[in-house]
Amino acid sequence: DLNRLSGDIQLIVDGKRLDGRGFDELRPINIKVGVLKRADGSCYLEMGKNKVVAAVYGPREVHPRHLADPVKAVVRYRYSMAPFSVEERKRPGPDRRSIEISKVSREAIEAVVMKELFPRSGIDVFVEVLQADAGTRTACLNAASVALVDAGVPMRGLISSVAVAKVDDILVLDPMKEEDNYGQADIPFAFFIRNDKIESIALLQMDGRVSRDEFKQALEMAKKGAMEIYQMQKEAIKAKYMIESEEVNSDE
Ligand code: ADP
């Protein structure tokens, strides 16, 4: 039961988060690679109560043709929330929020896709939120980057993404709905990670306010969390391709 604090929800009770997690603890993550038959690559991912699916098509011919780029592939990214993914029915179709999320997520993905290898072609990434509980853009990016690998798209590395929030004056990793809604700040991060090393920040957004020191702390917290996600993404990819190679071997 929630203690009300000056009209707001108290998010840290006796030094604990409402779901019992430590301040720098991720929600449980579950990743399944190759879940859709008709996509070139796909991934189902759960991050806490978030459930998302990513489908990748391409590299393939671009339609309409005039959108094609003669020197590199065009990457498209569509983030969409199912009407049943949130408490109140979400009106289907794109809105300002999903258009913004699609744009910044595409820019993050473009940092790792080797577009120059596929002139005149298109790589389409569709992410669908089936159930939302804050951090859906981060969950979708994690799924999209695994789906791109599953599609065999050449990549410089992976995108691993997680948010940090400030709640009751404390920084917490991977905020869930209550922390996102009633917190003082929300900072989604995505990193370009290659060979177990963070190369750069691929996405950084913020609402609310934090001090300069808090921001530095949040960045460190997010990096640590993203490295954990990166290991899980690699494991999930390995798991799928190990099973496939076993099947191939047993066919011989
Ligand atoms: P993110 O999901 O990346 O954290 P936001 O911070 O914009 O993005 O949203 C936080 C959460 O608020 C979402 O994960 C979802 O649970 C909820 N939410 C977002 N949009 C809607 C909407 N149109 N209707 C109901 N809930 C929503």
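The following exercises, with worked solutions, concern a predicted model.

**Exercise 1.** Determine whether Thr136 is buried or exposed, and describe its surroundings.

*Solution.* Begin with the secondary structure: Thr136 belongs to helix H2, which covers residues 136-150. Next, consider the accessible area. The relative accessible area of Thr136 is 3%, and buried means under 20%; Thr136 is therefore buried. Finally, list the contacts beyond four places in sequence: Thr136 touches Asn50, Tyr79, Arg97 and Val129.

**Exercise 2.** Identify which residues come nearest to the ligand, and describe the polar contacts there.

*Solution.* First, 13 residues surround the ligand, and the nearest are Arg97, Ala134, Gly135, Thr136 and Arg137. Second, examine the backbone. A polar backbone atom of Ala134 is 2.8 Å from a ligand oxygen atom, and for a backbone N or O atom of Gly135 the distance to a ligand oxygen atom is 2.7 Å. Third, turn to a side chain: an N or O atom in that of Asp180 lies 3.4 Å from an oxygen atom of the ligand. As a last step, consider cover: on its own the ligand has 530 Å² of accessible area, of which the protein covers 76%.

**Exercise 3.** State which residues touch the most other members of the largest nonpolar core.

*Solution.* This core has 62 residues, and those touching the most other members are Tyr77, Ile109, Val113 and Leu148. Helix H4 (residues 212-251) supplies the largest share, nine residues. Another core, of six residues, lies apart and includes Ile9, Leu11, Ile12 and Val167. For Leu148, the contacts beyond four places in sequence are Val56, Ile109, Val113, Ile123, Val125, Val153 and Met155.

Note on methods:
Residues numbered from 1 in each chain as written. Predicted model: local features only at pLDDT ≥ 70, side-chain atom pairs only at ≥ 80, totals over all residues. Heavy atoms only, no water. Helix = DSSP H or I, 4+ residues; strand = E, 2+ residues; numbered from the N terminus. Buried < 20%, exposed > 50% of the residue type's maximum accessible area, 1.4 Å probe, protein only. Contact = heavy atoms within 4.5 Å. Core = buried A, V, L, I, M, F, W, Y, C linked by side-chain atoms within 4.5 Å. Near = heavy atom within 4 Å. Polar contact = N/O pair within 3.5 Å; in protein donor to acceptor, adjacent residues only side chain to side chain. Areas by Shrake-Rupley, 256 points an atom, 1.4 Å probe, with all protein chains shown as cover.
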